[in-house]
Amino acid sequence: MPRYRLTTGDGSVLQEWDAADASAAEAEAVDVVSRHRADDPQGSAEYLLVDEAGTDVAHWGSTAP
């Protein structure tokens, strides 16, 4: 199972996990980003989800998800 990493725009790792595919990883990342923004509304405005090869899977700016 591939490994995924969710980071903030400054490179801080929020979470790493295994997921069946990129779609499942992105769904999990949306939940993590939503919780992070709720806990720290003034926090990072940018998030990046990458796979174990370092390939971008998803990117969120200040308004999404």
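How many salt bridges does a search of the whole structure find? The search finds three, a salt bridge being a side-chain nitrogen of Lys or Arg within 4 Å of a carboxyl oxygen of Asp or Glu. The structure is a predicted model, in which local features need pLDDT of at least 70 and side-chain atom pairs count only at pLDDT 80 or more, whereas totals for chains, interfaces and linings use all residues. Residues are numbered from 1 along each chain as its sequence is written, and side-chain values use heavy atoms, with hydrogens and water left out.

One salt bridge is formed by the side chains of Arg3 and Glu16, at 3.8 Å from N to O. Because Arg3 belongs to strand E1 and Glu16 to strand E2 (residues 13-18), this pair ties together parts that lie 13 residues apart in sequence; helices (H or I, at least four residues) and strands (E, at least two) are DSSP runs, numbered from the N terminus. Arg3 also forms a salt bridge with Asp18, where the closest N and O atoms are 3.0 Å apart. Asp18 is in strand E2 and Arg3 in strand E1, so parts that are 15 residues apart in sequence are tied together by this pair. Glu16 in turn forms a salt bridge with Arg5, with 3.6 Å between the closest N and O atoms, and this pair links distant parts of the chain, Glu16 in strand E2 and Arg5 in strand E1, eleven residues apart. Through shared partners, the salt bridges join Arg3, Arg5, Glu16 and Asp18 into one network.

The residues of this network are partly exposed, a class lying between buried (under 20% relative accessible area) and exposed (over 50%), as computed with a 1.4 Å probe on protein chains only. The relative accessible area is 34% for Arg3, 36% for Arg5, 36% for Glu16 and 44% for Asp18.

The largest nonpolar core has twelve residues, among them Tyr4, Leu6, Trp17, Val32, Leu49 and Trp60; such a core is a set of buried Ala, Val, Leu, Ile, Met, Phe, Trp, Tyr and Cys residues joined through side-chain atoms within 4.5 Å. Two or more residues of this core come from each of strand E1 (3-8), helix H1 (22-39), strand E3 (47-51) and strand E4 (56-60), and H1 gives the most, with four residues. When residues up to four places away in sequence are not counted, the contacts of Tyr4 include Glu16, Trp17, Ala19, Ala25 and Leu49, contact meaning heavy atoms within 4.5 Å.
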